[in-house]
Amino acid sequence: MINLSRYVQCHPNLRSMRHRHKKTVAVVFFIFLVVFFALEQRKDNEGDAERGAKAHFHYNDDSIIALKSQVGYLKRLLAKAKKSHEGKVSLMDDPSLPTIFAITPTYARPVQKAELTRLCHTFLLVPNFHWIIVEDAKAKTKLVTNFLRNCGVSHTHLNAHTPTDWKLKADDPSWRKPRGVLQRNEGLSWIRENIKRGTDGVLYFADDDNAYSLELFEEMRTTRKVSVWAVGLVGGLMVERPKLSDEGRVAGWKVMWAPQRPFAVDMAGFAVNLDLFLSKPKAKFAYLVKRGYQESEFLGHLVSLDELEVKGDLGTKVMIWHTRSEKVKLDMEKKLFDRRSEPSDYHIEV
Ligand code: UGA
Ligand code: MN
C-alpha cells in the first residue's frame, strides 16, 4: 500500500504548494482582521457622535436637568459656606463661555420677594451669569440685601431712586410713566466702570416680573451685535415677534401696538454684545422719550434693523413670557389695622 501521508509530506511540489496556501490564508486572515477592526471602530465613532448629538439636542433629558439642578444646589451651598467666612460668592465662570450680564430693576411691593425668588432660582441654573440688581430706593433695603446673600447667583447690588415726578401714582395706569429708566442706567454705568473693553459677554435687561426659560440664555449667549426673538404675552397679543425678509433678515415687527416703532420689541426681547455696548458711550435710557420708544432709543445707538440676529427658531420660539403679577388685594390687612390688631406679617418677612 502506498503511504499517502508520507508521499504528501515528502513530495517537494506539494510541500511548496502547502506552504503558499498557508501564507495566503494568513494574509487573508490578516486583511479580514484589519477590515473587521476598522469597521468596529467606525461603529464606535458613529455611536459616540450619535450619543453626543443626543446629549446636545435633547437637553430636556432628565439626566441633564438633574445635573443642572446639582449645579444650582452647589452654588447655593457655596453661598452659605462663604457667608460663614464673611466672604463673597465667588465667580465660578467657565472662561470659554461669554458671560451674561443681566440688569434687573426692582422696587418694594408685596410680591417683590416672590418675584426675585423665581428669578434667582432660574438664574442659578445659568452658567456664566452675573446679575446686576438695581433697587428703586434711596438706600439698599435689608430685604434685597439678605435675599441676594442667600440666593447663590453671582451679583452686584445697586440702587437708584426714581424722582417722585416720574413715579406712578397708586391709581395711574401702568403705561403713564416709563419704569426702570434710572435703574437700568445705573446698571449700565456700573458695567462701563467695571468691565474692560474686549470682555466676551452679553448684556440683557431682565425685568423682575417676567418668566424666563433656560434656553433663552443659551440662545442669547452668542450675540455678535444685537439679537432679537419672540416675546410671549405682551402688547395685547399672545406673542410679538420680528417679521423676517426672504433672506431671514429683520424687515419689521409682527406687533399690533405701535408697529411703526423702529425697534418694536419689548425690553425682554433683545440682547446686546457687551463690547458693542462698551464702544457706544451714548447708549442709555431717557425719561423724555415717546411712550413705548425706550427700546428704540437705546437700540438706535447700537445697530440698524438689517444687522439684527434672530434667535429661537427664526423668532418663532417663545423663551420668555412678559408675565405681570396681579396686584395683591390686602383689604383684610386694612381690617386688622382698623381693629388695632397687629398686621399678619408682624415680624415676618414675606
Ligand atoms: C413694560 C416693559 O416690559 C418694561 O421693560 C418697560 O420698562 C415698561 O413697560 C415701561 O413702559 O417702562 P411692564 O410690565 O409694564 O413692562 O413694567 P414693569 O414690569 O412694571 O416695570 C419694569 C421694571 O421696572 C420691573 O423690573 C420693575 O420692578 C421695575 N420698576 C417698576 C421699578 O424699578 N420702579 C417702579 O416704580 C416700577
Ligand atoms: Mn413687567
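## Exercises on a predicted model

**Exercise 1.** Which residues make the nonpolar surface patch of about 570 Å²?

Solution. The structure is a predicted model. The patch is made by Val27, Phe30, Ile31, Val34, Val35 and Leu39. As a next step, place one of these residues: Leu39 is found in helix H2, which covers residues 12-57.

**Exercise 2.** Describe the surroundings of ligand 1: which residues come nearest, and how do the residues of the shell divide into nonpolar, polar and charged?

Solution. Step one is the list of neighbours. There are 18 residues around ligand 1, and those that come nearest are Pro105, Asp136, Arg179, Asp207 and Arg324.

Step two is the division by type. The shell holds four nonpolar, four polar and ten charged residues.

Step three looks at single atoms. A nitrogen atom of ligand 1 lies 2.8 Å from a polar side-chain atom of Asp136. The side chain of Asp207 has an N or O atom 2.6 Å from an oxygen atom of ligand 1. For His322, an N or O atom of the side chain is 3.0 Å from an oxygen atom of the ligand.

Step four turns to area. Ligand 1 taken alone exposes 680 Å², and the protein buries 88% of that.

Step five names the elements. Strand S1 (99-106) and helix H6 (181-194) are those that give two or more residues to the shell.

**Exercise 3.** Where in the chain is the residue that supplies the protein donors of the manganese ion, ligand 2?

Solution. Both listed donors are OD atoms of Asp209, lying 2.1 to 2.5 Å from the ion. Asp209 has its place in the loop between strand S4 (201-205) and strand S5 (211-212).

**Exercise 4.** How many salt bridges does the whole structure have, and which parts does the one between Lys113 and Glu349 tie together?

Solution. Side chains of opposite charge can pair when their charged atoms come close. A search of the whole structure finds twelve salt bridges. In the one between Lys113 and Glu349, the closest N and O atoms are 2.6 Å apart. Lys113 lies in helix H4 (residues 112-123) and Glu349 in the segment after helix H11 (331-338), so the pair ties together parts 236 residues apart in sequence.

Technical notes:
Residues numbered from 1 in each chain as written. Chains lettered and ligands numbered in written order. Predicted model: local features only at pLDDT ≥ 70, side-chain atom pairs only at ≥ 80, totals over all residues. Heavy atoms only, no water. Near = heavy atom within 4 Å. Polar contact = N/O pair within 3.5 Å; in protein donor to acceptor, adjacent residues only side chain to side chain. Areas by Shrake-Rupley, 256 points an atom, 1.4 Å probe, with all protein chains shown as cover. Helix = DSSP H or I, 4+ residues; strand = E, 2+ residues; numbered from the N terminus. Nonpolar A, V, L, I, M, F, W, Y, C, P; charged D, E, K, R; others polar. Patch = residues over 30% accessible without salt bridge, like charges linked within 9 Å, V, L, I, M, F, W, Y side chains within 5 Å. Salt bridge = Lys/Arg side-chain N within 4 Å of Asp/Glu carboxyl O. Donors = N, O, S within 2.8 Å, 3.2 Å for Na, K, Ca; no water.
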